[in-house]
Amino acid sequence: MPLQFSSSGLRDEYQRSVETLRREFDQTQDGAALVRHRADGVDDLGLRLWQENFSADPALPQGLALAAIGGYGRRQLFPFSDIDLLFLCDDESVESVHKVAIRQFCQALWDIGLRVSATTRTLEECARLTAANPEFTLSLMDRRFIAGDAALFRNLDQEGLPTLLARRRQPLLEHIAALVSKRHAQFQDTLFHLEPNLKDGPGGLRDYHTCDWLARLLPAKTLARETAYENELLAERRRDAAVAYRFLLTTRCFLHYRSQRDDNALYWQAQDEAAEIGLGLNVNLNENPGHREAVAPALWMRQYFRHARAIDWTTRQMLDEVPAGRKTLLGQLRRWRSRSTLEGCPVVHGRIVLQSPEEYTDPYRVLQVFELIARHKLQLSREAEGRLAECLPTLAQHLPEGRELWELLRAILVAPGAALSLHAMHALGILELILPEFHAVDALVVRDGYHRYTVDEHTFLVIANLHALGESQESKQESSAPNSEWSTRFGEILLELDDPALLYLAALLHDTGKARSNTEHSQQSAVVATAVMERLQLEPAEQETVLKLIRGHLEMSQAMRRDIFDAETVRAFATVVGSPNDLRLLCLLTYADIQSVHPDALTPWKAENIWRLYIATANYLDRSVDDDRIHWVADSETMKRLGKLAPKERASIQHYLDGLPQRYLRTRPPKEVLDHWQMAARLAEVPAEVAVHRANGGWECTVVTRDRAFLFADLAGVLMAWGMDIIKADAFSNVSDVVIDSFRFLDRYRTLELNPGEDRRFTQSVIDVVSGKVPVERLLAARAHTAKAKHAKTRVATRLEFDDASSTHSTILEVVAQDKPGLLRAITYVIAQQQCNIGVALVDTEGEVAIDVFYLTQNGAKLSAAVQQQLHDALTAALPA
């Protein structure tokens, strides 16, 4: 007969306890106490439910036990975490007999209000490690008895699992290392994300649990250090990690209560709220966290990063202790190479060991060691790290000065592992001895909706990406392995630099001004760099090169917001750059800077634009009065290729191209130009020709039709109505009023991909709107009730700028605004209302910042001052402030 589980009374009791715990947490901010008390409360509920129901059947306790595992097993239940339960069965027959009762027990817990994650295993299954699910064995390492057959649980707890861990220790250690590596890779192997995940990210809660597992699995002789000092250092670091862990416990409880779900990401709004109450700022092992005064969010996040850094350090150190796997020939070679001597420094397992005490206080020797780290991509031993940190005051007193110090720093900067070495120097405080100004950007958070990492981490990534370009050249020369097309191209530029060290120094200092000003940080960074270079006694010419690069490190990105195929754009940019070597420096820094913003920032489209602008500007700087002739040769070559594709249509193709800007011809292969010409030729029979296809991870829609008022705005409206995110757009027209509008967009809901035939319906809706058969407002109205506005992480003030100087034929309008659905339509609708014609449209998005540039004319001429003012007023009224 099925058991009858009663949960009605327990549900009310549980809800009262939940409310009590919430009130206590609001008063104390003690996350460690909260998760422990909640686990104890669930223990009590589960035990009472078991006793009231299972105990009524004398047969049930035999061969069946209830255990807490995972986080619940650690007595750490966060407000909205799942309850990890193990129903331990003596054998499969017990599992079969009590299957229904187990399900009813779990349902009763759900009815009480608990999120249950239960698993049923036999004793034999628990004592076996499966490669497909090593996480289960790890969850069993944190186990507690709750109810049922205590003898059965003791069998698992004292015999089955210890035997498994002893017998399968090495495979389990390897599984742990692989799981951590895979998890860290999801976060680009850095903890310095502006919106980190405090559970799964590097330096997070899972890393701390990993340290606990490793401490129990690694042999005692492995964990024992060679010296008493190293043991003391490791103990101190682990104490720091324990304090950090308590901070993370409190923060995760706060996040759960804030979002009323299992939420572990520190989004900006959550950071603001945590900083407002000073969450966890006085947390330590002996003191109640309590309530603190409000602090700035950036300062609160600095505390988070420093806590996460302590856990991350401990995790990486302990993972280094995981023994190598099976003794393959490759493994034997690696172990043989793990103990060697490099320029007088013993190297053990890839770590440099400093032997004599004098080496820790000799700044020359210390900086030479960091040069070795940079040249060979090594690390320091634990003891070396600890002693160097202690010897900082002595090092500071004897630090070289002036040009001598610059030469030591230069040797580190130009080595392939410079970023690794600088990272280690920064963590130990040695980088700040050389460059005190760099301390201001330590774990500095700058919220712009675009950058993903802290300023210091972004800086090291820039240097790492620059060196990766050099390594791409070496691999090209030494092996046949395929290389990234763009890394190879830009790597060739790196080889042409007069002095690469100046590029790396500029990269190291280019964002130091963000600690003083985020809006004008280039100029502030130059001020910081001036003080640094004067102290390092760089030559005046070297200083000028670095300062010019830092002051103008955003110039190339800004130039790409113009039509880079317009001769005026290239001419103006070349005037700013000045010389071929300065152009090479700026090009490389721009490439690496964008690449280091976040993993997806450097799209193929941006890389291609950087390259095209570099080539066009290099050509301009290399010639004087040959512009027209060389452009004509390029156009003639293109015409030859078009002529080969359509030998009898040369005159018709030339007529189609008449009046189109050079940008159109240079950004499209001849085959695509020919397709557009053929689409234009069919306009006598149809109102519009539309082509939709996949492009660079998204979609591209090209519309060829006759020009009319509000056309571009209506096309943007169609895409908005279909729920598409426009990321790029081009608009061109020829003298015959044929327009070629292209939109690159992301299909957020994979509508076109998952629904066969939907692309045809999409195409037809574009044609219907272009022809006037269906008003775009009807499509937008149908979409309005389902569209959900994104919650902005940062507020972007709208800015409008008109430029009459950068183009000989158009007035350029640049709109910077908060990115949101429908923005492009709103802008272009107002432009059409003011009877302005869009010759070229360049649409770009950086995080939550939309940067849209339009080349405008009215009646074939630039906009008058009066029209510009009218357009400015109309856009100001239509767009959010």
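Let me start at F710, which is partly exposed, with a relative accessible area of 25%, and which sits in the loop between β10 (698-706) and α36. Its phi is near 70°, a positive value in a residue other than glycine, and I point it out because most residues other than glycine have a negative phi. I should say at once that this is a predicted model, and every value I give today is computed from it.

Moving on from that loop, we come to helix α36, residues 711-721, which is mostly covered, with 10 of its 11 residues buried. The buried residues include L711, F712, L715 and V718, and also the charged residue D714. Just after α36 there is another positive phi, of about 80°, this time at G723.

A further case of the backbone feature seen at F710 is Q188, which is not a glycine and yet has a positive phi of about 55°. Q188 is found in the loop between α9 and α10, and with a relative accessible area of 31% it is partly exposed.

That brings me to the two helices on either side of this loop, and to their charged side chains. In general terms, side chains of opposite charge can pair when their charged atoms come close. The structure as a whole holds 47 salt bridges, and I will go through a few that involve helix α10.

The first one I would like to show joins R216 to D142, with the closest N and O atoms 2.9 Å apart. R216 lies in helix α10 (residues 205-217), while D142 lies in the loop between α7 (134-140) and β4 (144-148), so this pair ties together parts that are 74 residues apart in sequence. As for cover, R216 is partly exposed, at 40% relative accessible area, whereas D142 is buried, at 6%.

The next pair is D207 with R183, whose side chains meet in a salt bridge at 2.9 Å, N to O. Since D207 belongs to helix α10 and R183 to helix α9 (residues 169-185), the pair ties together parts that are 24 residues apart in sequence. D207 is buried, with a relative accessible area of 0%, and R183 also counts as buried, at 11% relative accessibility.

R216 comes up again in a salt bridge with D212, where the closest N and O atoms are 2.8 Å apart. Both D212 and R216 lie in helix α10, four residues apart, which is about one turn of the helix. An α-helix has 3.6 residues a turn, so residues three or four places apart point the same way. D212 counts as partly exposed, at 32% relative accessibility. Elsewhere, salt bridges that share partners join R403, E407, R410, D499 and E542 into one network.

What gathers in a patch of positive charge on the surface? The residues are K640, R641, K644 and R650, and helix α32 (residues 627-645) gives the most to the patch, with three residues. K640 is one of the residues that lie in helix α32.

Finally, a word on the cysteines, for anyone thinking about covalent links. A disulfide is a covalent bond between the sulfur atoms of two cysteines, and a search of the whole structure finds zero disulfides. Two of the cysteines I looked at are buried, namely C701, with a relative accessible area of 2%, and C836, with one of 10%.

Note on methods
Residues are numbered from 1 along each chain as its sequence is written. Side-chain values use heavy atoms; hydrogens and water are left out. Patches are made of residues with over 30% relative accessible area and no salt bridge: like charges are joined within 9 Å, nonpolar side chains (Val, Leu, Ile, Met, Phe, Trp, Tyr) within 5 Å. Accessible areas come from the Shrake-Rupley method with a 1.4 Å probe; for residues, only the protein chains shown count as cover. A salt bridge is a side-chain nitrogen of Lys or Arg within 4 Å of a carboxyl oxygen of Asp or Glu. The place of a charge is taken as NZ of Lys, CZ of Arg, CG of Asp or CD of Glu. Helices (H or I, at least four residues) and strands (E, at least two) are DSSP runs, numbered from the N terminus. A disulfide is a pair of cysteine sulfur atoms within 2.5 Å. Buried means under 20% relative accessible area, exposed over 50%, partly exposed in between (1.4 Å probe, protein chains only).
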